[in-house]
Amino acid sequence: MTMNHSHIYATPLGPVLIESTKSAISLVRFGGALDAQEDAPDAVTNAFAGQLLEYLAGKRRVFDVALALAGSSFQEAVWAAIQDIPYGQVRTCTDIANSIGQPTSRRQIGRAASACPCPVVVPIHRVSSLDDALSVHLRGIESADA
């Protein structure tokens, strides 16, 4: 049985729940009603929290953390493609669909991205439909730092 660790950390964006397995981050959840089942931070969650704070302060562009992502094979392919998007750049759902060899799966790409258990580490904010105002706003923040 794998012991999971979790802790709610304070960030400039508000509280963030971070969960880990023995050696990898398995969940990052921002805001809302956060509830750590057991407040059991460990070296993995603490290290990632430090990296997240550096990222939010503009001092880090890439996370150096193992991920334990659980999803369908399609979701995992989408998340891997999203992780390849460079800092300060954006790809559309169509771009991601083409990159994984599923050119007709544009809508499914958006659903897979929104189901990602580790946003920011998997930079789903860099994926945009052509008219997604939030992604355009976040893209502007990253581009200003690039």
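Helices (H or I, at least four residues) and strands (E, at least two) are DSSP runs, numbered from the N terminus. With that in hand, let's work through some exercises together.

This is a predicted model, in which local features need pLDDT of at least 70 and side-chain atom pairs count only at pLDDT 80 or more, while totals for chains, interfaces and linings use all residues. Residues are numbered from 1 along each chain as its sequence is written, and side-chain values use heavy atoms, with hydrogens and water left out.

**Exercise 1. Place H5 in the structure and describe its surroundings.**

Step 1: Find the element. H5 belongs to strand β1.

Step 2: Is H5 buried or exposed? Buried means under 20% relative accessible area, exposed over 50%, and partly exposed in between (1.4 Å probe, protein chains only). H5 has a relative accessible area of 19%, so it counts as buried.

Step 3: List its contacts, where contact means heavy atoms within 4.5 Å. Leaving aside neighbours within four places in sequence, H5 touches I18, E19, S20, T21, A40, P41, D42 and T45.

Step 4: Look at the strand as a whole. In β1, 5 of the 7 residues are buried, so the strand is largely enclosed by the rest of the structure.

**Exercise 2. Work out how the sheet containing β1, β2 and β3 is built.**

Step 1: Recall the background. Strands of a sheet pair through backbone hydrogen bonds, either parallel or antiparallel. Here, two strands pair if DSSP finds at least two bridges between them.

Step 2: Read off the order. The sheet is open, has 3 strands in the order β1-β2-β3, and its pairing is antiparallel. Its edge strands are β1 (5-11) and β3 (25-30), each of which pairs on one side only. From one strand to the next, the twist averages 20 degrees.

Step 3: Zoom in on one pair. Strand β2 (residues 14-20) is joined to β1 by 7 bridges, and the two run antiparallel. S6 stands opposite E19 in β2, and A10 has P15 in β2 as its bridge partner. A hairpin of 2 residues connects β1 to β2.

Step 4: Add the helix. α1 lies across β1, β2 and β3 and runs at about 25 degrees to β1 (axes are lines fitted to C-alpha atoms, for helices over the stretch in contact, and angles run from 0 to 180 degrees between N-to-C directions).

**Exercise 3. Decide where the buried residues of helix α2 lie around its axis.**

Step 1: Which residues of α2 (residues 73-83) are buried? They are V78, W79, A81 and I82.

Step 2: Check their directions. These residues cover an arc of only 160 degrees around the axis, which puts them on the same side of α2. The arc is that of the directions from the helix axis to the C-beta atoms.

Step 3: Find the cover. Among the elements covering the buried residues of α2 are α3 (93-99), α4 (106-114) and β5 (127-128).

**Exercise 4. Classify the aromatic pairs F48 with F63 and Y55 with Y87.**

Step 1: Set the rule. Rings of Phe, Tyr and Trp (its six-membered ring) pair if their centres lie within 6.5 Å; planes under 30 degrees apart count as stacked, over 60 as edge-to-face and the rest as tilted. The structure holds 3 aromatic pairs.

Step 2: Take F48 and F63. Their ring centres are 5.4 Å apart and their planes stand at 45 degrees, so this pair is tilted. F48 is in helix α1 (residues 43-56) and F63 in the loop between α1 and α2, so the pair ties together parts 15 residues apart in sequence. F48 and F63 are both buried.

Step 3: Take Y55 and Y87. Here the centres are 6.1 Å apart and the planes at 85 degrees, so the pair is edge-to-face. Y55 sits in helix α1 and Y87 in the loop between α2 and β4 (91-92), so that distant parts of the chain, 32 residues apart, are linked. Both Y55 and Y87 are buried.

Step 4: Put the rings together. F48, Y55, F63 and Y87 form one aromatic cluster.

**Exercise 5. Describe the backbone and setting of V120.**

Step 1: V120 is not a glycine, yet its phi is positive, at about 80 degrees.

Step 2: V120 is found in the loop between α4 and β5, and it is buried, with a relative accessible area of 14%.
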